[in-house]
Amino acid sequence: MAAPAVSGLSRQVRCFSTSVVRPFAKLVRPLEEATLSELKTVLKSFLSQGQVLKLEAKTDPSILGGMIVRIGEKYVDMSVKTKIQKLGRAMREIV
């Protein structure tokens with residue numbers, strides 16, 4: 001059996017050779033199938049021809065709502081937690 005580092009490297013090489021893109025989504029709770037399908041459709045629009053999408057989604061109740069998505073160098077934080085933090089900073093600037 002291969003060592004974990006070797007099997008991890010092997011997986012990375014396979015992903016590179018087959019052009020697998022692994023975006024990451026952080027959610028408060030698992031998405032319903034229709035919403036998950038819509039998210040995958042949007043993420044696929046960022047891929048080049050021949051690339052395959054393998055979405056990794058994890059739950060994190062600390063974001064309070066919305067989602068955080070990373071695909072390659074692109075990062076979009078639509079979480080309620082971040083919106084509340086931005087609102088708090090804006091209100092402190094006013095006072």
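How many helices and strands does the secondary structure of the chain come to? In this predicted model, in which residues are numbered from 1 along the chain as its sequence is written, local features need a pLDDT of at least 70, side-chain atom pairs count only at pLDDT 80 or more, and totals for chains, interfaces and linings use all residues. Side-chain values use heavy atoms, with hydrogens and water left out. The secondary structure comprises three helices and six strands, where helices (H or I, at least four residues) and strands (E, at least two) are DSSP runs numbered from the N terminus. Read from the N terminus, the order of the elements is α-β-β-α-β-β-β-β-α.

The confidence of the prediction is given by pLDDT, a score for each residue from 0 to 100; its average over the chain is 85, and 81% of the residues score at least 70. For residues 1-7 the pLDDT remains under 50, and the model has one contact (heavy atoms within 4.5 Å) beyond four places in sequence for this stretch. Residues 13-17 also have a pLDDT below 50, with two contacts in the model beyond near neighbours in sequence. Where pLDDT is low, the predicted coordinates should not be read in detail.

Strand β2, residues 24-27, pairs with two other strands, pairing being assigned if DSSP finds at least two bridges between two strands. With strand β4 (residues 56-59) the pairing is parallel and extends over four bridges, and K26 stands opposite K58 of β4. With strand β5 (residues 67-71) β2 runs antiparallel, again through four bridges, and F24 has R70 of β5 as its bridge partner. The two faces of β2 differ in cover, since A25 and L27 lie on the covered face, whereas F24 and K26 lie on the uncovered one.

Of the 95 residues in the chain, 22% are buried, a term that denotes under 20% relative accessible area, with exposed meaning over 50% and partly exposed in between (1.4 Å probe, protein chains only). The largest nonpolar core, a set of buried Ala, Val, Leu, Ile, Met, Phe, Trp, Tyr and Cys residues joined through side-chain atoms within 4.5 Å, has 10 members, namely V21, A25, L27, L39, L43, L47, L53, M67, V69 and I71. Two or more of these residues come from each of β2, α2 (33-44) and β5, and β5 provides the largest share, with three residues. In soluble globular proteins, nonpolar side chains tend to be buried together.

Among the core residues, L47 is placed in the loop between α2 and β3 (52-53), and L47 counts as buried because its relative accessibility is 16%. Apart from residues up to four places away in sequence, L47 touches V21, V52, L53 and I71. L53, with neighbours within four places left aside, is in contact with V21, P23, K40, L43, K44 and L47.

The loop between β4 and β5 contains D60, whose side chain is joined to that of S62 by a polar contact of 2.7 Å; such a contact is a pair of N or O atoms within 3.5 Å, and within protein one must be able to donate a hydrogen and the other to accept it, while residues adjacent in sequence count only if both atoms are side-chain atoms. Residues up to four places away not being counted, D60 touches K26, L27 and V28. L64 is also located in the loop between β4 and β5, and L64 counts as exposed because its relative accessibility is 53%. Although L64 is not a glycine, its phi is positive, at about 70 degrees.
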